[in-house]
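Visitor: I have a model open and some time to go through it. Can you walk me round?

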Amino acid sequence: MHKKSLLALSVAVAAALGLTACSGGSSNAGVGAGDGKTLTLAATTNEKPALDAVVAKFKEQNPGVDVKYTTSALDQYQTTTRTQLSSGTAPDVVFVWPGDGNPMATRVVGKAGFLEDLSSQSWANSFPAGIKPVTQYNGKTYSASVTFSGIGAVYNMTAMTQAGLTPPTTWSGLLQFCSAAKAKGKTAFELGAQTNWVTQLIPYALTPTLVYGPNPNFPQDMTDKKATFSDSKWTDALNKYTEMQKAGCFQANPLGTDYNASLAAVAKGDALSVVQVNSAVAAISTQAPKGTELNMLPVPVSDNAAETRMAGAAGSTYGVNAHAKNKDLAIKFVNFLESPDGMNLYAQTNKALPAVPNDAFKVDPALSTLQEYQKGGKTDAFMDQNWPNARVQQTLFQVVQDLLAGKTDTTGALKQMDTAYTSGS
């Protein structure tokens with residue numbers, strides 16, 4: 001997702017720097033008490049609103065149980081938590097990414113022996129076909145996906161109406177929208193490219209329509225060395241990224257704008273939209289004036305609106321530390337997350353969709369289009385979830401920043417990504 005994944009974004013994302021201790025926890029929350037009554041947990045900052053809600057509900061249902069949890073920015077989280085897992089000091093429950101692609105992805109830490117095998121849990125076989133594989137390693141389930149997440153343009157519809165503009169549905173319409181927004185003194189798409197994982201989101205929003213929808217086998221073709229980034233329509237994706245920059249779609253200095261500032265600009269109405277993961281809907285809504293209407297829509301990349309697809313995949317995902325001090329309690333908490341009540345509460349709070357659709361869930365109107373694309377089979381997994389190593393995503397972050405700074409071109413950027421891909425496969 002950077003988000004790092006999100007991307008990966010999957011597909012996922014951090015909203016602030018620094019370590020935040022919650023529910024009486026401390027930065028030493030990785031060292032559990034081992035008393036069967038104290039659960040320790042760590043996640044990225046953008047998961048905090050949902051964790052606040054589900055932890056409160058879990059404690060209500062389990063009197064006498066305490067939950068100590070920390071949240072930290074994505075980069076810090078990945079480094080710190082992976083180190084804790086290696087040293088045996090990690091929390092009982094840890095946030096992980098689906099599939100592959102970064103140091104805290106399910107298959108990466110599962111292969112290393114850091115996650116508990118959860119295959120025997122009743123929910124392990126309940127995930128839809130698009131989610132189940134990225135919770136597994138070698139056929140065993142090592143993570144619990146709670147939400148379905150997407151990447152799209154989050155529009156401040158209130159500001160759009162005031163500016164007399166509507167969201168574009170074609171590529172030519174998008175470029176016209178950028179010009180019209182600029183004429184109104186607004187930024188069309190605020191870009192927080194100073195935060196490195198944000199750099200991946202526009203390619204992730206464009207490549208479902210360009211690459212993965214037309215050829216669903218593209219990830220396997222890359223694995224089989226039948227395809228490369230350079231010899232694919234990833235070239236179109238990066239070319240269109242730079243075309244957006246040249247067309248004035250972004251603010252003056254995206255490399256000097258971080259994630260938090262980009263969301264604040266949309267909340268204020270100074271910018272009309274931001275290409276982000278769905279959790280940004282929740283973050284923007286908390287800052288925007290009361291009554292502000294938001295809407296998350298796909299980013300068009302062709303002049304045939306019917307072709308447009310979205311990146312959508314397993315989102316917020318958790319694993320149980322194989323060496324948890326309170327393993328039974330950890331599994332009980334993950335089982336609560338996978339119950340309809342826990343999953344719906346988490347998804348509603350974090351402005352996402354439940355990983356396992358159910359009739360009791362009431363979708364936020366801002367996510368109705370994402371839900372339609374999910375149900376219509378018009379989504380493709382966050383790209384990094386099927387990459388063989390974390391270097392590919394890290395390379396993408398860097399080459400996009402270099403593209404925006406004019407230090408490289410599409411050919412050079414994709415060559416670096418191909419090198420990163422093959423060096424770990």
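Guide: We can take confidence, core, aromatics, charges and backbone in turn.
This is a predicted model, in which local features need pLDDT of at least 70, side-chain atom pairs count only at pLDDT 80 or more, and totals for chains, interfaces and linings use all residues. Residues are numbered from 1 along each chain as its sequence is written, and side-chain values use heavy atoms, with hydrogens and water left out.

Visitor: What is the mean pLDDT of the protein chain?
Guide: The mean is 90, and 92% of the residues reach 70 or more. pLDDT is the predictor's confidence in each residue, from 0 to 100.

Visitor: Where does pLDDT stay under 50?
Guide: Over residues 1-33. The model has 164 contacts for that stretch beyond four places in sequence; contact means heavy atoms within 4.5 Å. Where pLDDT is low, the predicted coordinates should not be read in detail.

Visitor: On to the core. How many residues are in the largest nonpolar core?
Guide: It has 134 residues. Phe 189, Trp 234, Tyr 318 and Trp 387 have the most contacts inside it. Such a core is a set of buried Ala, Val, Leu, Ile, Met, Phe, Trp, Tyr and Cys residues joined through side-chain atoms within 4.5 Å. Buried means under 20% relative accessible area, exposed over 50%, partly exposed in between (1.4 Å probe, protein chains only).

Visitor: Which helix gives the most to this core?
Guide: Helix 6, residues 201-212, with 8 residues. Helices (H or I, at least four residues) and strands (E, at least two) are DSSP runs, numbered from the N terminus.

Visitor: And what does Trp 234 touch?
Guide: Leaving out residues up to four places away in sequence, its partners include Pro 203, Thr 207, Val 211, Phe 229, Trp 387 and Met 417.

Visitor: Glu 190 caught my eye. Is it buried or exposed?
Guide: Glu 190 is buried, yet has no salt bridge. A salt bridge is a side-chain nitrogen of Lys or Arg within 4 Å of a carboxyl oxygen of Asp or Glu. Lys 268, the nearest side chain of opposite charge, is 9.4 Å away. For charge, Lys and Arg count as positive and Asp and Glu as negative; His and the chain ends are not counted.

Visitor: Where is Glu 190 found, and what is it in contact with?
Guide: Glu 190 is in the loop between helix 5 (171-183) and helix 6. Beyond four places in sequence, its contacts include Gln 251, Thr 257, Ser 262 and Val 274.

Visitor: Change of topic. How many aromatic pairs does the count come to?
Guide: The count is 19. Rings of Phe, Tyr and Trp (its six-membered ring) pair if their centres lie within 6.5 Å; planes under 30 degrees apart count as stacked, over 60 as edge-to-face and the rest as tilted. One of the pairs is Tyr 77 with Trp 97, tilted, at 6.1 Å centre to centre and 55 degrees between the planes.

Visitor: What does that pair tie together?
Guide: Tyr 77 lies in helix 2 (residues 74-87) and Trp 97 in the loop between strand 4 (93-96) and helix 3 (106-111), so the pair joins parts 20 residues apart in sequence. Tyr 77 is buried at 1% relative accessible area, and Trp 97 is buried at 2%. Both belong to one aromatic cluster with Phe 95, Tyr 318 and Tyr 346.

Visitor: Now the charges. How many salt bridges does the structure hold?
Guide: There are 8. Lys 48 bridges Asp 52, with the closest N and O atoms 2.9 Å apart. These two are 4 residues apart in helix 1 (residues 48-61), so about one helical turn separates them.

Visitor: Which partner does Lys 327 meet?
Guide: Glu 116, at 2.9 Å, N to O. Lys 327 lies in helix 11 (residues 327-337) and Glu 116 in the loop between helix 3 and strand 5 (136-137), so this bridge ties together parts 211 residues apart in sequence.

Visitor: Last thing, backbone. What is phi for Lys 351?
Guide: Phi is positive, about 55 degrees, although Lys 351 is not a glycine. Most residues other than glycine have a negative phi. Lys 351 also forms a salt bridge with Asp 364 (2.7 Å, N to O).

Visitor: And Lys 225?
Guide: Lys 225 has a positive phi near 60 degrees. It lies in the loop between helix 7 (218-223) and helix 8 (234-246), and is exposed at 69% relative accessibility.
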